[in-house]
Amino acid sequence: MAVIRARIITAAVLAALAVASPAIGDLPAGVPDALSPDPVVRGALIAMPAVWNVQVTAHLTGLRLRSGTVISLPAEAREVRKEGTAFAVTPDGYLVTAHHVISPSPSEIAATAYLEKLALQGQPHSEQIAVDWVKRNGVTPVGLMQLERVVRPAAAGPGAARNNGASVRLVATDRARDIAIIRVPGVADASSIGLDRGADVGTPVASLGFGSTDPFAAPQHGALVPSVRTGVIGETGHPDKQPTRYLTIITNPIQMGDSGGPVVDANGHARGVVLIKRKAGGGAMAPTDEILRVLDGAGVRPWEGRTQTAYRAALARVQRFDLDGAKADFRRTLASDPSHGLAAYEIQQVDALRTAQVALAGEPRAQGGLLVIGVTALLVAGLLAVLLWKAVNRMPGVLGPRDRKAPFDQDVPNDDPDDPRNVI
């Protein structure tokens, strides 16, 4: 009873602090709450330290049209940066991402350069305008140099100060499946997440990625936290004109830059890798079976090490309000991996929880009021969860007859793998 009472009181404090928070279905960039009532959000927090930001930079001088005409680019548009996401599947630095993230096609690079050119010249511009222009004119880059690939792990709080970028080695790619394996050198005992082969329709999941609706968003510095977007798993099938490829629909509101990120369940295990933002809404992922085929071909066995084990244990102790034990396990996490991106941040959160509990101790009137608030908040959260579940299960494109007939009719405009519209 004492544990339940403490849980309600703390939940009330957290609820009061989060009154202005947006809907949980599309959380902004920020570290999830270890005490979130949504198990999938807690699963995202388990997986987050294993998520990496990917920046691929290309240098070019101009754009060549199919007719042979060469358009010179202004100096500011000659460096093109594409951002994406990856996630670690072993403690020694093997990461899974999308092929098109780590190796963007010439047409993608050309479209990004043209978009920047239009913006610099003050002309009407959008990603769609740039993509259509490149496709219509058969544009290719001129003077394209070798790509620079840099990755950085998710981090917040004190861990962000050590958040240095690292160049990566390309281990294996499967263009047909749009999956790539990369490795970060010099990594040992880092966070990694296991893979779950389940793909049951309706399973709640969270996607983690560095996506943004702003194509000109500046690269993040300091804290680097992926956005968490929740949804459910839809059906798995073949895209039109690609009978050898499997994709699974997800209702998560995927954004540009989320590609290569994990789709995780309440246990923090990956159910797939994000590949597509659907025109009809939501997105699509390559399911775990597809990831395992590429990993097997590269001789890589996914597993979680001692760092992730300690971090999982710490978060579980927070859920039980064993704050001293949680702090000890977070310290054990840092002892295993001093560069861990979230353990030091979570220690601060544990200290804040302890301070809140001490402040409430011995104040029966305040406790009674907060108990009422806490119970009310939990009841409202439960009601909203039920309504959200019902809405999701009635949403077209999840379980509706259109998806059962042709789940991917809106995903892939054609079978040209170089068409930038085929990927995100």
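# A guided tour from strand β15 outward

Select Val 274 and Met 285 to begin: Met 285 in β16 is the bridge partner of Val 274. The model on display is a predicted one, and every stop below refers to that prediction.

**The β14, β15 and β16 strands**

Extend the selection to residues 270–277, which make up strand β15, and to residues 283–287, which make up β16. These two strands are antiparallel and are joined by five bridges. They form a hairpin with five residues between them, and in its turn Gly 281 has a positive phi of about 110 degrees.

Next, add residues 262–264, strand β14, which runs antiparallel to β15 and is joined to it by three bridges. Pro 262 has Val 273 as its bridge partner in β15. Here too a hairpin is formed, β14 and β15 having five residues between them, and Gly 268 in the turn shows a positive phi of about 75 degrees. How much of β15 is covered? Seven of its eight residues are buried.

**Val 273 and the nonpolar cores**

Keep Val 273 selected and display its surroundings. Beyond its neighbours within four places in sequence, its contacts include Phe 87, Val 96, Thr 97, Ile 179, Met 285 and Ile 291. Val 273 is also one of the residues with the most contacts inside the largest nonpolar core, together with Phe 87, Val 96, Leu 295, Val 318 and Phe 330. That core has 70 residues. Another core, of 19 residues, lies apart from it; Val 80, Ala 111, Leu 115 and Leu 118 are among its members. As background, nonpolar side chains in soluble globular proteins tend to be buried together.

**The seven-stranded sheet**

Now colour the strands of the open sheet with the order β8-β7-β1-β4-β5-β10-β9, in which the pairing is antiparallel. At its edges stand β8 (166–167) and β9, each with a single partner strand, so one side of each lacks a neighbour in the sheet. Select residues 106–120 to see helix α4, which packs on this sheet and touches β1 (51–59) and β4 (79–88). The direction of α4 makes about 130 degrees with that of β4.

A second helix to select is α6, residues 288–298, which lies across β4, β5, β9 and β10. Its course is at about 50 degrees to β10.

**Strand β10 and its partners**

Focus on residues 179–183. Why is strand β10 described as largely enclosed by the rest of the structure? Four of its five residues are buried, so the surrounding structure encloses most of the strand.

On one pairing, β5 (residues 94–98) is joined to β10 by five bridges in the antiparallel sense; Thr 97 stands opposite Ala 180. On the other, β9 (residues 169–174) runs antiparallel to β10, also with five bridges. Two pairs can be picked out there: Leu 170 opposite Ile 182, and Ala 172 with its bridge partner Ile 181.

The connection between β9 and β10 is a hairpin with four residues between the strands. Centre the view on Asp 178, which is found in this loop. Its phi is near 60 degrees, a positive value in a residue other than glycine. Most residues other than glycine have a negative phi. Is Asp 178 buried or exposed? Asp 178 has a relative accessible area of 4%, under the 20% limit, and is therefore buried.

**A second positive phi**

Move to Phe 321, in the loop between α7 (306–319) and α8 (323–336). Phi of Phe 321 is likewise positive, near 60 degrees. The residue is buried, with a relative accessible area of 14%.

**The three-stranded sheet**

Select β3, β2 and β6, which form an open sheet in the order β3-β2-β6 with antiparallel pairing. Its edge strands are β3 (70–72) and β6 (140–142), each of which pairs on one side only. Ignoring direction, neighbouring strands of this sheet are turned by 30 degrees against each other on average. Three bridges connect β2 (residues 62–64) with β6; for a single pair, select Arg 64 and its partner in β6, Thr 140.

**Last stop: helix α2**

Finish at residues 39–47, helix α2, where seven of the nine residues are buried. Val 40, Val 41, Gly 43 and Leu 45 are among the buried residues. At the start of the helix, a side-chain oxygen of Asp 38 comes to within 2.9 Å of the backbone nitrogen of Val 40.

Terms used. Residues numbered from 1 in each chain as written. Predicted model: local features only at pLDDT ≥ 70, side-chain atom pairs only at ≥ 80, totals over all residues. Heavy atoms only, no water. Buried < 20%, exposed > 50% of the residue type's maximum accessible area, 1.4 Å probe, protein only. Pairing = 2+ DSSP bridges. Axes fitted to C-alpha atoms, helices over the stretch in contact; angles between N-to-C directions. Core = buried A, V, L, I, M, F, W, Y, C linked by side-chain atoms within 4.5 Å. Contact = heavy atoms within 4.5 Å. Polar contact = N/O pair within 3.5 Å; in protein donor to acceptor, adjacent residues only side chain to side chain.
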